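Open the model in your viewer and keep the selection box handy. We'll go stop by stop, and at each one you'll get something to select and a note on what is there.

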Amino acid sequence: MPDNDYFEIQGGVPLRGSVTISGSKNAALPILCACVLAEDKCRIDNLPYIEDIQRILEILSQLGAGITDLGGGSIEIDPTTIDRYVVTAEMASRLRASYYMLGALLGRYGTAEINQPGGCAIGQRPMDFHIKGMRALGAEVVERGALISAKADRLIGADIYFDIASVGATINIMFAACRAEGRTVINNAAREPHVVDVANFLNTMGANIRGAGTDIIRIQGREHLHGCNYAVIPDQIEAGTYMIAAAATRGDVILNNVIPTHLESLSAKLIECGVEVITGDNGNDFYMEVRTDKRPEGVTIKTMPYPGFPTDLQQPMTSMLTTANGTSVITENLFESRFNHVAELNRMGADINIYGRNANINGVEKIYGTDVKTTDLRAGAAMIIAALMAEGTTRIHNLHYIDRGYERIEEKLRALGANIKRVSEE
Ligand code: UD1
């Protein structure tokens, strides 16, 4: 996608209709990396067609893996031809999830060299827990600037404790530990739905992982892991983005292919704002419906690891609350610079003040379209929601951030009645 594309959105249309949620980005990325651990082919279904998936497939291909696109969101990975164990700086800079190759390559081949990953600039995103965990398993890890090299003749299970529950470190350690000798225990493990999905995938490959979804994960190492077929869970953050967009435009949207329990913290907050959230079962699948015809009430939100309110939905929620009744306070506990969207929202007429990790949002009657730019993936989602709410036309620049994580977003929004088009500038 050329970087000078922009979205042009005429705001003020309530979203109405139904939308099907794609596979989870943050589950799909580590699952594709975990295919390295298998000794034969894996077929992964329900993958979202987004830039980050293309990038991780490019990394797998550079390592020597065979990749066959089976169509319809299914990909077959053949890890048997892998003969390189290095993720180059160029590849690593393109997405954060490239760090999963550290645990996957180390677990399978006893050697891995990666560069500190790129990804969204939302604060310091160190890898010290990943490195500490690999060392605890017996790996020799050397850091030279951005380069991290890990080697181990044998990995041996260990007890590992994280100071903060980290999604990336929990998954990376699971990768290495499921090929280590003996038992590993991860204490204060992340409990996110994508951690559980990755553990389920590894178990389908023959791993022995218990406790994923709680804060203690136990892994009994295995000598061999085999190929398998696996379908990725629906994307909780994409679903949450459409739920917030529905409420923010005073619309009525049905979401298909969702797991309502993954969205409980958001549903609770929307209900507190006065929005109706209905969950149901249509016989085959769960669905959710979000509707309102009123201004939302102001609320207090603190981002927390799962099952708390997800940091990834904080930015879209800020947009919705710009026109809430009264004042809202958002506290961002995970990433210190995750307020890059606020200046742009203020340019649209919002009244938001930042104090350290807090944003005070004084609800205004209306926000207005203008030219804005997005600085990271979820800020992009926030800009789209604000544009859908605004009076007049908004042009959103830097679309490459949005394309990294949202599948066919303009098509899905147009089907809900939004007036959005992608404009390509020569
Ligand atoms: C992942 C997600 C991201 C999401 C975040 C929180 C991917 C590719 N990215 O990011 O979309 O916003 O989880 O749900 O799945 N930390 C350390 N040292 C470490 C690792 C983490 O101090 O070694 C800190 C981080 O700075 C942060 C907190 O732990 O404050 C949680 O980070 P983590 O869960 O690891 O987030 P990411 O894996 O970067």
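One term before we start: a polar contact is a pair of N or O atoms within 3.5 Å; within protein, one must be able to donate a hydrogen and the other to accept it, and residues adjacent in sequence count only if both atoms are side-chain atoms. This is a predicted model, where local features need pLDDT of at least 70, side-chain atom pairs count only at pLDDT 80 or more, and totals for chains, interfaces and linings use all residues. Residues are numbered from 1 along each chain as its sequence is written, and side-chain values use heavy atoms, with hydrogens and water left out.

**Stop 1: Lys25**

Select Lys25, which belongs to helix H1. Helices (H or I, at least four residues) and strands (E, at least two) are DSSP runs, numbered from the N terminus. Show side chains, and you'll see that of Lys25 making a polar contact with the side chain of Asn26, at 2.9 Å. Is Lys25 buried or exposed? With 7% relative accessibility, Lys25 counts as buried; the cut-offs are under 20% relative accessible area for buried, over 50% for exposed, and partly exposed in between (1.4 Å probe, protein chains only). Now select what Lys25 touches (heavy atoms within 4.5 Å): leaving out residues up to four places away in sequence, the list includes Pro48, Asp52, Asp235, Leu377 and Arg404.

**Stop 2: the largest pocket**

Stay with H1, as it gives the most to the lining of the largest pocket, with 4 residues. A pocket here is found on a 1 Å grid over the protein atoms alone: an open set of points where a 1.4 Å probe fits, with protein on both sides within 12 Å along at least five of seven lines; lining residues have an atom within 4 Å of a point. The volume is about 1,000 Å³, meaning the space filled by probe spheres set on the points, with grid points joined across faces, edges and corners. To find the centre, select Arg125, Val167, Gly168, Leu334 and Phe335, the closest to it of the 42 lining residues.

Colour H5 (128–136), H6 (167–177), H8 (236–248) and H12 (377–389) next; like H1, each supplies at least two residues of the lining. By type, the lining splits into 21 nonpolar, 10 polar and 11 charged residues. Ala, Val, Leu, Ile, Met, Phe, Trp, Tyr, Cys and Pro count as nonpolar, Asp, Glu, Lys and Arg as charged, and the others, Gly among them, as polar.

**Stop 3: the ligand**

Select the ligand and its 20 surrounding residues (those with a heavy atom within 4 Å). Which come nearest? Tyr99, Asp128, Ser166, Asp312 and Leu334 do. Three distances to ligand oxygen atoms are worth drawing: 2.4 Å from a polar side-chain atom of Tyr99, 2.8 Å from a polar backbone atom of Phe129, and 3.4 Å from a side-chain N or O atom of Arg338.

**Stop 4: helix H5**

Phe129 leads us into H5, where Phe129, His130, Ile131, Gly133 and Met134 are buried. Their cover includes helix H4 (100–109), strands S7 (140–144), S8 (147–151) and S9 (159–161), and H6. Just after H5, click on Gly138, which takes a positive phi of about 100°.

**Stop 5: Thr184**

Move to Thr184 in strand S10 (183–187). At 0% relative accessibility, Thr184 counts as buried. A polar atom of the Thr184 side chain lies 3.4 Å from the backbone nitrogen of Ala158. Beyond its neighbours within four places in sequence, Thr184 is in contact with residues including Leu137, Ile160, Ile173 and Ile219.

**Stop 6: backbone oddments**

Switch to a backbone view and select Arg250, in the loop between H8 and strand S14 (252–256). Arg250 has a positive phi of about 55° although it is not a glycine, and at 23% relative accessibility it counts as partly exposed. Asn257, in the loop between S14 and helix H9 (264–272), also isn't a glycine, yet its phi is near 60°. Finish on Pro307, in the loop between strand S17 (300–302) and H10: the peptide bond from Tyr306 to Pro307 is cis, with omega near 10°.
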